[in-house]
Amino acid sequence: MILRLKNQTLGKINLTRSYLSSLVFRRDSHSHDRRRRGYERDVGIEEKKEHDGLFLCKSKGQHLLTNTRILDAIVRCSDVRPTDTVLEIGPGTGNLTMKLLEASQNVVAVELDKRMVEILRKRVSDHGFAHKLTIIQKDVLKTDFPQFDLVVANIPYNISSPLVAKLVYGSNTFRSATLLLQKEFSRRLLANPGDSDFNRLAVNVKLVADVKFVMDVSKREFVPPPKVDSSVVMITPKEIIPDVNVQEWLAFTRSCFGKKNKTLGSMFRQKKKVMELLSLSAERNGSKVGVMNQTCGDSDSDVEEDGDGKDDLLCLDTDASMFKERVIGILRTNGFEEKRPSKLSHSELLHLLSLFNRAGVFFHDITSLPMDLPES
């Protein structure tokens, strides 16, 4: 009797052990599957989504808008006329292109991906619109645009800033640009002085163009869905723009909006900023750092240098000190010392730049010609 009970107890223990072992095995197996799936995502499988047999890369901004109602709304608000030439950037498989071809005289589409170009050509040809479409298979940032009347485009997120810069500061004249952009980017583009989102991007674009909000578009309307929602904005070039050197303006706003919430006084007191402006201004004034004023002595002096560089250092420090006083004096005299760039209007910023330039203070390095509108 005792032996039988003992055997039954041992049997139950063994069954329990087997059951627990199976649970552990299943748990480990599921964990392995989760780790494997996570690894597959890490190596890029999640980066590509298939759409009608075509793999689309999120990293290249390939998100196709598929909602016909939204596509129609974009074309309608763009005010496309039957006589217009429309520039489309990143047409993809042609969902928006087909709508634009129906409404306009012709479309110029700039697309880098060869696969998209082939699909677009066939689709347009099948619908009898081939004679109305010109495709430029190049990098849009490195391409000279032909003449056009409108821009209507679903912009790849990773080139939004330089592309907007190319449009608003480029040589092409156009009536408007209706762009589908990342929502956060659009909010910064729409911001005004005093808004928390107001930044260098907004101040530079709005110098030469007006920006109007059109509508928001959910990320669910795209294939594959991006991580964030989008917005449609319309950019309209101004008929009259301020008479200002563009490169000097861009460099000036880069200096001011690097720390947009600091006061101008504290910003321009920084030694690094003073030395940078001193060097640029000396070059523009036909001088070299160290000989901008007479405190450094005459270059024909009979005094022999001792060769340890101390005189040059003293000269440089003296120049920097006097230059800083000049800059701060401009700010203080005109009521800008305690103001913050993010609170200033275009007229105030243009006035300040004019004051600096008249006093011999310059911001643009004439040896380089950057044309950028960073988001910060």
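## A helix, a sheet and what packs where

Helix 7 (residues 200-208) lies across strand 9 and strand 11, and its direction makes an angle of about 120° with strand 9. Keep in mind that this is a predicted model.

Now for the sheet itself. It's an open one built from seven strands, ordered 6-5-4-7-8-11-9, with mixed pairing. Strand 6 (133-136) and strand 9 sit at the edges with a single partner strand each, so one side of each has no neighbour in the sheet. On average, neighbouring strands here are turned by 20° against each other, ignoring direction. Further in, strand 4 (residues 85-89) pairs with strand 7 in the parallel sense, over two bridges. Val86 has Leu150 of strand 7 as its bridge partner.

Next up is helix 2, which spans residues 68-77. At its start, Asn67 puts a side-chain oxygen within 2.9 Å of the backbone nitrogen of Arg69. After the helix comes Asp79, with a positive phi near 55°.

Which residues of helix 2 are buried? They are Ile70, Leu71, Ala73, Ile74 and Val75. An α-helix has 3.6 residues a turn, so residues three or four places apart point the same way.

The buried residues of helix 2 pack against these elements:

| Element | Residues |
|---|---|
| Strand 3 | residues 64-65 |
| Helix 3 | residues 95-103 |
| Strand 7 | residues 150-154 |
| Strand 8 | residues 176-182 |
| Strand 9 | residues 209-217 |
| Strand 11 | residues 230-237 |

Strands 7, 8, 9 and 11 in that table also belong to the seven-stranded sheet.

Terms used:
Residues numbered from 1 in each chain as written. Predicted model: local features only at pLDDT ≥ 70, side-chain atom pairs only at ≥ 80, totals over all residues. Heavy atoms only, no water. Buried < 20%, exposed > 50% of the residue type's maximum accessible area, 1.4 Å probe, protein only. Helix = DSSP H or I, 4+ residues; strand = E, 2+ residues; numbered from the N terminus. Contact = heavy atoms within 4.5 Å. Polar contact = N/O pair within 3.5 Å; in protein donor to acceptor, adjacent residues only side chain to side chain. Pairing = 2+ DSSP bridges. Axes fitted to C-alpha atoms, helices over the stretch in contact; angles between N-to-C directions.
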